[in-house]
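Colleague: I've got a new model to look at and I'm just starting out. Could you walk me through it?

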Amino acid sequence: MSDFIREVEDEYRRDKAIEAWRRYQNWIIGLAIVIVVAAGGWRYWQSQQRAASEAAGARFESAIQLAREGKPQDAEQAFLDIARAGPPGYAVLSRFRAAAEIANRSRSEAVTIYDALSNDPGVSAVMQNVARLRSALLLVDTADDAEMKKRIEPLAAPTSAFRHSARELLGLAALKAGDYEAAGRWFDMIVSDPQAPQSLRERAGTLLGLVAAGPLK
């Protein structure tokens with residue numbers, strides 16, 4: 001009896017499955033096609049992205065080689081071309097390298113590029129801060145103390161990964177402005193920070209000596 005009941009139940013389930021298939025077969029087939037096409041499209045997109053990244057990488061290496069060969073104008077143009085049409089990662093790196101090449105002939109143009117990078121929401125926070133530091137480095141000889149503070153004082157905070165370089169630039173700006181007290185504070189922060197690079201601590205120590213000596217009479 002139990003075998004008979006199982007057979008009836010199996011037959012019932014088969015009938016229901018056949019009925020469901022007849023009713024929804026077009027939807028099921030359509031969904032299967034969509035899944036196959038989507039998977040294929042995703043693989044194709046990945047392949048295209050990988051090819052574009054590899055091509056941009058090769059172009060980036062060629063641009064670096066031009067810079068090594070002492071061809072700054074050719075390198076500058078090559079980096080700018082990648083920045084305009086390359087994948088996002090290489091585009092950002094190329095903007096940095098283009099600015100570095102341009103700085104050799106025009107600091108103001110390079111600062112403009114770095115400032116654009118530091119305010120670009122598509123650039124990571126870390127790279128934005130790198131751009132801020134690089135623009136400040138180019139401006140330290142010409143910008144006043146207030147301008148330097150506006151640009152990089154937040155990077156001198158105790159928790160900032162860039163605090164050592166920021167403090168040195170701020171100390172140099174204060175020293176140039178004749179604010180020996182502020183300069184001494186910035187340089188002392190570097191000297192007393194055990195995590196500061198040794199070379200930077202030694203340089204800050206030398207600058208502290210200049211601060212202690214006071215203005216030249």
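Colleague: Okay, what share of the contacts with a separation of 6 or more comes from residues 24 or more positions apart?

Modeller: Keep in mind that this is a predicted model, where local features need pLDDT of at least 70, side-chain atom pairs count only at pLDDT 80 or more, and totals for chains, interfaces and linings use all residues. Residues are numbered from 1 along each chain as its sequence is written, and side-chain values use heavy atoms, with hydrogens and water left out. A contact means heavy atoms within 4.5 Å. Among contacts in the protein chain with a separation of 6 or more, the share from residues 24 or more positions apart is 44%.

Colleague: How many helices and strands does the protein chain have?

Modeller: Both are DSSP runs numbered from the N terminus: helices are H or I with at least four residues, strands are E with at least two. For the protein chain, that gives nine helices and zero strands.

Colleague: Which element gives the largest share of the largest nonpolar core?

Modeller: A nonpolar core is a set of buried (under 20% relative accessible area, 1.4 Å probe, protein chains only) Ala, Val, Leu, Ile, Met, Phe, Trp, Tyr and Cys residues joined through side-chain atoms within 4.5 Å. The largest one has 29 residues, and F96 and L117 are among those touching the most other members. Two or more residues come from each of α3, α4, α5, α6 and α7. The largest share, six residues, comes from α5.

Colleague: And which residues of α3 are buried?

Modeller: Helix α3 covers residues 88-102, 15 residues in total. Its buried ones are A91, V92, S94, F96, A98, A99, E101 and I102.

Technical notes:
The expected span of a helix is 1.5 Å times one less than its number of residues. Buried means under 20% relative accessible area, exposed over 50%, partly exposed in between (1.4 Å probe, protein chains only).
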